[in-house]
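Student: I've got a structure open and I'd like to talk it through. Can you help me read it?

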Amino acid sequence: MRAGAVAALAVASALFASGAAGDPVAPAGLARFSDVEVQRILRHGPWPPPWAPDPSSRVSGRAAAAALGERLFFDPRLSGGGTVSCATCHRPERRFTDGRPRAEGLAAVDRNTPALANVRWQRWFGWDGAGDSLWAESSRPILDPREMGGSARGVADLVRADPDLGRGWVRAFGAAPGPDDLGVLVDAAKALAAYQETLVSGRTPFDAFRDALAQGDVAAARRYPLAAQRGLRLFVGRGACHLCHLGPAFTSGEFQDVGIPFFVAPGRVDPGRYEGVKRLRANPFNLLGPHSDDPARTTATGTRHVRLEHRNWGEFKVPSLRDVAHTAPYMHDGSLATLRDVVRHYSELDESRLHVHGERILRPLRLTDAEAEDLVAFLRSLSDERAPTASGRPGSASPPRRPE
Amino acid sequence: MSAGLGAALLAWSALAAADAACLAGLDGGQALESPGYLLAYRTRPAPIPLGQHFAVEVLVCPRGGGAAPDAVRVDAHMPEHRHGMNSRPTVRAEGAGRYRAEGLLLHMPGRWDLVFELRGPDRTDRLTRSVVVE
């Protein structure tokens, strides 16, 4: 632990901790947290955390590439029929989700549209993690016949023929689109990734409380509702939610089976990460392939060593909880409509369904109604309540930029 | 001094001088022993970061004039949760009893068991060290 963090913990513990998760309410509107709980809370910040450009994309973090990527993101001409854009499902006014249980592009998809805020900190992309970079994942829906039904040839023809996109291309890449269709598609995906890197959710009531805890600022901490404090104590305590939803982004970035039914339709299952690992290895755009701009493959460690096991069946990526109040419905299949439904799911887990592979992480929480409400209050406090800006970008944190 | 480091030094002090001399080749390493081998390891970076890839440097010393292992495997799992890592580390022999494991990542806070499997021509030893990552 860094010296600064040690000092912060000492201050926080002296003011807020009881030494044991005992007294339910401290004086003056503050719940009491054990030393261990305080440590766990502090690890969920500060927000936003540091970020460095992705070495596998030579335009990561570049403003000109983000500007081009923003144009492409909203352009339906990337799709096969010219009717569907990235923003058809990733709608800015809905925090880059669509509000549907399952996405619908050119056809119905089996999975919920994930939010895009904070994707720049992710390790794996897509619910099954078949993408190992934001740019690789950005090419996938363009080519998927159920989503945009486009092609490398179609994208390349578009950016070569459209003067405005062509100028943006030169600003982003320093040259006009080349003759290789696949190379142009990959670069378009890298521009799309550069745009999505700029989508960072804002600070939340939880962040204010967490920082007050770190600084020993009782007056500021009191502004965080007691219900949310009690829910937070459940989250890092008896609920053990922090085992998977950890760190500033509230996700391990890895995969978990949380007991959602395997079947997506009668007689049809979604294998989740099990198939995702296979697709990752076969993906010509993965970080071990020829399209990475990083000769040393410094970010390819996860891909090089990825492990396929039977337990991956039915596992899906642990989602970030930031902005979770605005991204309903929930879970990889959108099967839970509200945060109350999510909390109820974890309260009443079917253990016989969950532990077929022998894991013993999740147990039914058996929450009282009051505890469930507290946990929902805490989850809501992880959201930036400010409306998205005119461009649809959530939050206000300024992403770092590479020098142009 | 942490309890873990103290225990490691106590274990180290109990080793024969020749064994200690062998393991001293890995500065700052944690010592483990089995009937067939002595082993020292250190992680890069140290301490092990939660949710980030790390490497393990290993030094293996056969006991009693035994042969070096034919293969060294490094892995980790969470005994309380009954799951392992989502990555499969690779181990590269670097000569003189040294090995380097790459591609480990502990994705969940709590107690993990680091497992070193040493396969020789007529024996396989498993050496384990518990670590807590937060």
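Student: Leaving aside neighbours within four places in sequence, which residues is A:Ala188 in contact with?

Tutor: Keep in mind that this is a predicted model, where local features need pLDDT of at least 70, side-chain atom pairs count only at pLDDT 80 or more, and totals for chains, interfaces and linings use all residues. Residues are numbered from 1 along each chain as its sequence is written, with chains lettered from A and ligands numbered from 1 in the order in which they are written. Two residues are in contact if their C-beta atoms, placed from the backbone, lie within 7 Å. For A:Ala188, that gives A:Leu72, A:Val155 and A:Val159.

Student: And which helix supplies the largest share of the largest nonpolar core?

Tutor: Such a core is a set of buried Ala, Val, Leu, Ile, Met, Phe, Trp, Tyr and Cys residues joined through C-beta atoms within 7 Å. Buried means 20 or more other C-beta atoms within 10 Å of a residue's own, again placed from the backbone. This core has 42 residues, and A:Ala188 is one of those touching the most other members. Its largest share, 10 residues, comes from H8(A).

Student: How much of chain A is buried?

Tutor: Chain A has 404 residues. By that same burial cut-off, the buried part comes to 47%.

Student: Which helix gives the most to the side of chain A that touches chain B?

Tutor: The contact takes 18 residues from chain A and 16 residues from chain B. Helices here are DSSP runs (H or I, at least four residues), numbered from the N terminus. With three residues, the top contributor on chain A's side is helix H13 (residues 301-304).

Definitions and conventions
A residue is buried if 20 or more other C-beta atoms lie within 10 Å of its own, exposed if 12 or fewer, and partly exposed in between; C-beta atoms are placed from the backbone. Helices (H or I, at least four residues) and strands (E, at least two) are DSSP runs, numbered from the N terminus.
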